[in-house]
Amino acid sequence: MRLIVVQVILIIGITLNIVMGAPQFGGKNHFLSGVCNPDDPLIYTDDTRIENSGPSTLNATLEINIDPPLPIKCIIAEDQMENGTGGVMTLNSGGMNHNWVFLDVQGQYGQGFHFKIFIYGFRPSALS
């Protein structure tokens, strides 16, 4: 079973330009935290878009709270901006094994950001 999970992670890592370390603008800036399995229940979804038409840089912290008792297993945020103009998302705190998460988003100069966020939880049988 462990080998299958590793293969899933590698497939996701290749499909999504996963952000690790310092922000790197110029391509899609998808974000992944945790290990997602196909049968994990989706416990939260959002389509977050902040527009910026001025000569400035937008940075934000997104606070997401999940009703207990469902702890977060993994978070996927898909960058929806075109031509490498999107922001970069990073984990601030919380996330895995918590029912809350703070996600930081750093935008590019003169650009906003747009992410589709999916949060998956542990299956109820795994909590017993």
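**L62 and its partner.** I started at L62 and looked across to the neighbouring strand: L62 stands opposite L103 in β6. Worth remembering that I'm working on a predicted model here.

**The strands around that pair.** Next I checked how β3 and β6 run against each other. They pair in the antiparallel sense, over seven bridges, with β6 covering residues 100-106.

**The sheet with β3 and β6.** Then I zoomed out. What is the strand order in this open sheet of three strands? I read it as β3-β6-β5, with antiparallel pairing. Which strands sit at the edges? Those are β3 (59-65) and β5 (88-94), and each of them pairs on one side only. I also pulled the twist: neighbouring strands of this sheet are turned by 25° against each other on average, direction ignored.

**The other sheet.** I moved on to an open sheet of four strands, ordered β1-β4-β7-β2, where the pairing is antiparallel. Its edge strands are β1 (31-34) and β2 (42-50), which pair on one side only. For the twist I got 10° on average between neighbouring strands of this sheet, again ignoring direction.

**Inside the four-stranded sheet.** Last stop was β4 against β7. How many bridges join them? I found seven, in the antiparallel sense, between β4 (residues 72-79) and β7 (residues 113-121). I picked one residue to follow across, I72, and it stands opposite G121 in β7.

**Note to self.** Two pairs to click on when I reopen the predicted model: L62 with L103, and I72 with G121.

Terms used: Residues numbered from 1 in each chain as written. Predicted model: local features only at pLDDT ≥ 70, side-chain atom pairs only at ≥ 80, totals over all residues. Heavy atoms only, no water. Pairing = 2+ DSSP bridges. Helix = DSSP H or I, 4+ residues; strand = E, 2+ residues; numbered from the N terminus. Axes fitted to C-alpha atoms, helices over the stretch in contact; angles between N-to-C directions.
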